[in-house]
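Please open the model in your viewer and keep the selection tool at hand. The tour below proceeds from one selection to the next.

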Amino acid sequence: MKKWQIYSLAAAVIVAGLAGTAYAFRKDIVLYAVATRARDATNVAPNREIIWEKGPEAASVPADKRPPNIVVILADDLGFNDISYFGGGLIETPNIDALAKTGANFSHAYAGTAACAPSRAMIMTGRYGTRTGFEFTPTPPGMTTIVDLFYNDGTRPHEMIFDKQAAENAPPFREQGLPGSEITLAEALKPQGYHTMHIGKWHLGNSPGVHSQCPGLR
């Protein structure tokens with residue numbers, strides 16, 4: 001065998017080995033690429049002190065005459081068995097358990113949808129996604145391909161169904177979200193004298209009209 005043939009064979013073996021390794025670790029490579037892209041594309045401001053608005057020294061209305069404070073805490077992707085109060089979870093959740101023990105505990109409840117963003121929109125509006133038109137979680141281009149890679153790997157009882165035509169007809173990613181005409185919980189409370197704010201994940205859209213509905217962005 002000539003020297004160039006040996007080199008070619010060695011190169012082919014190396015390429016095949018690299019390709020096989022990349023295929024075996026394809027999920028890890030995708031996760032690393034997505035995390036790197038998200039980090040590079042997101043401008044995260046440095047930590048800074050937050051000066052909360054202080055109320056008056058003395059309330060102008062007695063406590064028994066004031067409307068109650070309303071705090072809605074939404075734990076994203078939280079399952080029934082993830083809370084130690086219900087006897088499950090890999091870690092203890094003492095703060096959530098305390099809320100359940102000292103407050104009202106509803107053991108039977110149903111989400112309007114199993115999808116993240118539409119479920120949030122239904123909590124904020126009290127309306128089903130089929131009425132608002134916000135029925136699916138907005139995803140950037142190429143996201144469905146990544147989801148298909150992780151979900152349809154042969155370990156699931158049912159495969160994920162991807163409607164390619166619906167994806168092609170969907171509005172641009174930046175324009176997807178809860179319609180600005182919808183009345184949110186915060187918008188209903190403000191005329192009643194409430195000071196509203198939103199802390200944490202929004203996920204109801206990025207367009208200016210949708211962001212104007214977020215009480216923490218006004």
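Select Arg 127 and Glu 182 and display their side chains: in this predicted model, the two meet in a salt bridge, with an N to O distance of 2.8 Å. The pair connects distant parts of the chain, 55 residues apart. Arg 127 belongs to the loop between α4 (116–125) and α5 (129–132), and Glu 182 to the loop between α7 (164–169) and α8 (185–189). Arg 127 is partly exposed, at a relative accessible area of 32%, whereas Glu 182, at 10%, is buried. The count of salt bridges in the structure comes to one.

Next, select Tyr 85 and Phe 86. These residues supply the one aromatic pair that the structure holds. Their ring centres are 5.3 Å apart and their planes stand at 80°; because an angle over 60 degrees counts as edge-to-face, the pair is assigned to that class. Tyr 85 is partly exposed, with 30% relative accessibility, and Phe 86 is likewise partly exposed, at 28%.

Move then to Tyr 23 and Arg 26. Here the charged end of Arg 26 sits over the ring of Tyr 23, at 4.1 Å from the ring centre.

Finally, switch to a surface representation and select Ile 70, Val 72, Leu 74, Ile 123 and Leu 185. Together they form a nonpolar surface patch with about 420 Å² of accessible area. Within this selection, centre on Val 72, which lies in the loop between α2 (26–41) and α3 (94–102). Is Val 72 buried or exposed? Its relative accessible area is 54%, so Val 72 counts as exposed.

Conventions: Residues are numbered from 1 along each chain as its sequence is written. This is a predicted model: local features need pLDDT of at least 70, side-chain atom pairs count only at pLDDT 80 or more; totals for chains, interfaces and linings use all residues. Side-chain values use heavy atoms; hydrogens and water are left out. Rings of Phe, Tyr and Trp (its six-membered ring) pair if their centres lie within 6.5 Å; planes under 30 degrees apart count as stacked, over 60 as edge-to-face and the rest as tilted. Buried means under 20% relative accessible area, exposed over 50%, partly exposed in between (1.4 Å probe, protein chains only). A charge sits over a ring if NZ of Lys or CZ of Arg is within 6 Å of the ring centre and within 35 degrees of the ring normal. Patches are made of residues with over 30% relative accessible area and no salt bridge: like charges are joined within 9 Å, nonpolar side chains (Val, Leu, Ile, Met, Phe, Trp, Tyr) within 5 Å. Accessible areas come from the Shrake-Rupley method with a 1.4 Å probe; for residues, only the protein chains shown count as cover. A salt bridge is a side-chain nitrogen of Lys or Arg within 4 Å of a carboxyl oxygen of Asp or Glu. Helices (H or I, at least four residues) and strands (E, at least two) are DSSP runs, numbered from the N terminus.
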